[in-house]
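This report walks a new reader through one helix pair and a set of salt bridges. Please look over the sequence and the structure before reading on.

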Amino acid sequence: MKRLIERSRSAGEVLRWVTQNPGKVCASHYPIALHKLGQLLQQHPGQPVGNGDARGASTHVLEQPEFQTLCQAIVSGCSKFDNFSIVNCLYAAAALGLPGESPLVRVLEDESRGRLGRFNQKDVSMVFSSEANNKALEAIFSSQLFYENRQERFIRSMAEWLPRKAENLTPYPPPLIAKYVARHRLREPRLPPTIASFLLKRGEQLDSKVIQKLVFPFSRMNYRPSNHSELFPKLEAILEQKAGTSPLATVNILMSMFQLSHFPQAVLHQVFSPAFITNVMRPDNPLGEERAVSVAMSGGAFLLRELQGVPSLPQNSRAQSWGLLMPQNSLVGKDHHDHRVQLYKGLVAEALRQLVGEECYRQDEVLPPGYCTDFLLWINRSGTVLPLSRVPAASKAPSALPPSSPAAISLRSSVLALTSDLQVVLSVNDKWHYCQNSDILVGSRAMRDRHLRLLGYCLVQV
């Protein structure tokens with residue numbers, strides 16, 4: 001039967017072989033028949049069908065009783081099909097241009113979603129390459145299997161058609177798409193602009209918790225949207241209206257702006273106002289909100305002199321009393337997620353031990369306002385690596401001042417400038433620190449490097 005279908009010279013011949021010999025047709029023959037129909041119909045283009053996609057599908061053929069019989073056979077038996085037959089039928093149906101609301105496509109999509117956990121990566125990629133409506137997108141990006149794996153074939157395909165359909169998207173798929181793009185650091189040239197355009201047009205209608213999800217990919221990938229001159233003022237206006245509705249979302253949006261070197265001063269004074277801080281410190285609020293505010297204030301304070309007069313969290317706040325104001329790795333996490341980085345850092349540490357001695361470097365040193373560094377060295381003006389025990393005391397944050405306060409940071413930078421000594425940060429960068437298939441650092445890493453340079457450190461990438 002497979003050879004007879006593949007040798008057919010017309011769509012009518014394919015349909016006759018399949019519908020007139022039901023006893024000889026098995027599950028694997030249906031996707032072959034659908035694919036063959038697609039090939040033959042492309043050779044004899046007809047009118048567009050279904051959703052208007054002119055991929056050569058003939059209305060006359062697809063409305064024939066034999067084709068409806070073929071579809072009904074697939075609908076009736078697909079629950080017994082193997083995974084390969086299911087995904088191939090769905091892929092062939094999409095290639096034929098069948099509309100998403102057709103019974104065949106609906107049943108195949110439902111069956112596919114029910115089997116996602118049992119699909120292999122090839123099956124998953126084929127399924128995701130053929131679904132494109134709002135409901136399907138939401139189901140796709142809600143799938144944990146899809147979320148955890150980078151589906152490059154689907155992303156390339158989606159990048160072609162998503163910009164054309166962005167205006168018709170409901171508010172649900174874009175945040176899921178943004179979350180996926182951020183997780184896999186996909187700096188695909190067409191997807192971030194589409195998210196930015198959606199945010200610019202629909203931002204006022206969205207909750208701040210949704211906005212933070214849409215903004216995050218830009219900071220994650222260190223990507224300033226081309227429409228940032230319009231988008232950022234729009235976000236500022238939204239934050240001014242909704243700052244108090246979700247403090248954590250507000251601060252997350254601000255942190256994303258910080259990473260993109262945008263500092264909305266009017267909003268910052270509102271967010272870091274006594275009323276806002278009092279609201280954050282309510283006993284019924286999660287500790288995470290209080291911690292996020294303290295991190296944002298510490299991360300942005302030394303960049304904006306205007307913030308020096310803004311109230312900080314009280315000394316008895318939960319974040320401070322629990323040691324969480326600026327914990328290690330609060331702004332940029334250490335790389336425990338990647339064992340290879342730790343092995344590589346071990347090799348670098350051994351090389352430094354042999355070259356300069358253990359007393360001349362520190363590993364995993366936390367620097368104000370809370371950045372964890374891989375390796376720290378002190379070099380004087382003659383090029384000699386000094387033991388860190390001999391580092392001038394004035395270069396460290398004075399005990400009378402919080403290490404992340406603007407005054408302490410300014411004092412330290414001034415001392416470094418006067419002594420002309422050089423404090424070097426060696427950064428061990430792995431693929432996780434870069435956007436996918438790119439030499440562009442992710443936003444958090446890039447912001448850390450900018451801030452450390454402002455503090456007078458010399459950064460060397462290893």
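Is Arg 190 buried, partly exposed or exposed? In this predicted model, Arg 190 has a relative accessible area of 35% and is therefore partly exposed. The partner of Arg 190 in a salt bridge is Glu 188, with the closest N and O atoms 2.9 Å apart. Glu 188, at 15% relative accessibility, counts as buried, because buried means under 20% relative accessible area.

**Salt bridges**

The count of salt bridges comes to 7, and the table sets out three of the pairs, including the one just described.

| Acidic residue | Basic residue | N to O distance |
|---|---|---|
| Glu 188 | Arg 190 | 2.9 Å |
| Glu 350 | Arg 353 | 2.6 Å |
| Asp 374 | Arg 445 | 3.2 Å |

The pair of Glu 350 and Arg 353 lies within helix H21, which covers residues 339-355, and because the two residues are 3 positions apart there, they are separated by about one helical turn. Glu 350 is partly exposed, with a relative accessible area of 33%, and Arg 353 is likewise partly exposed, at 36%.

The salt bridge between the side chains of Arg 445 and Asp 374 has an N to O distance of 3.2 Å. Arg 445 belongs to helix H23, whereas Asp 374 sits in the loop between strand S3 (371-372) and strand S4 (375-379), so this pair ties together parts that are 71 residues apart in sequence. Arg 445 counts as buried at 2% relative accessibility, and Asp 374 is buried too, with a relative accessible area of 3%. Through salt bridges that share partners, Arg 445 and Asp 374 are joined with Lys 345 and Asp 364 into one network.

**Helices H16 and H23**

Two packed helices are described by the angle between their axes and the distance between the axes. For helix H16 (residues 247-259) and helix H23 (residues 443-454), the axes come within 9 Å and cross at roughly 60 degrees, and the two helices are therefore oblique to each other. The crossing in which H16 passes H23 is left-handed.

Which residues make the contact between H16 and H23? From H16 the contact is made by Met 255, Phe 258 and Gln 259, and from H23 by Gly 443, Ser 444, Met 447 and Arg 450. Sorted by character, the residues of this contact divide into 3 nonpolar, 3 polar and 1 charged.

How values were computed:
Residues numbered from 1 in each chain as written. Predicted model: local features only at pLDDT ≥ 70, side-chain atom pairs only at ≥ 80, totals over all residues. Heavy atoms only, no water. Axes fitted to C-alpha atoms, helices over the stretch in contact; angles between N-to-C directions. Helix = DSSP H or I, 4+ residues; strand = E, 2+ residues; numbered from the N terminus. Parallel < 35°, antiparallel > 145°, perpendicular 65-115°, else oblique. Left-handed = near helix turned anticlockwise from the far one by under 90°. Contact = heavy atoms within 4.5 Å. Nonpolar A, V, L, I, M, F, W, Y, C, P; charged D, E, K, R; others polar. Salt bridge = Lys/Arg side-chain N within 4 Å of Asp/Glu carboxyl O. Buried < 20%, exposed > 50% of the residue type's maximum accessible area, 1.4 Å probe, protein only.
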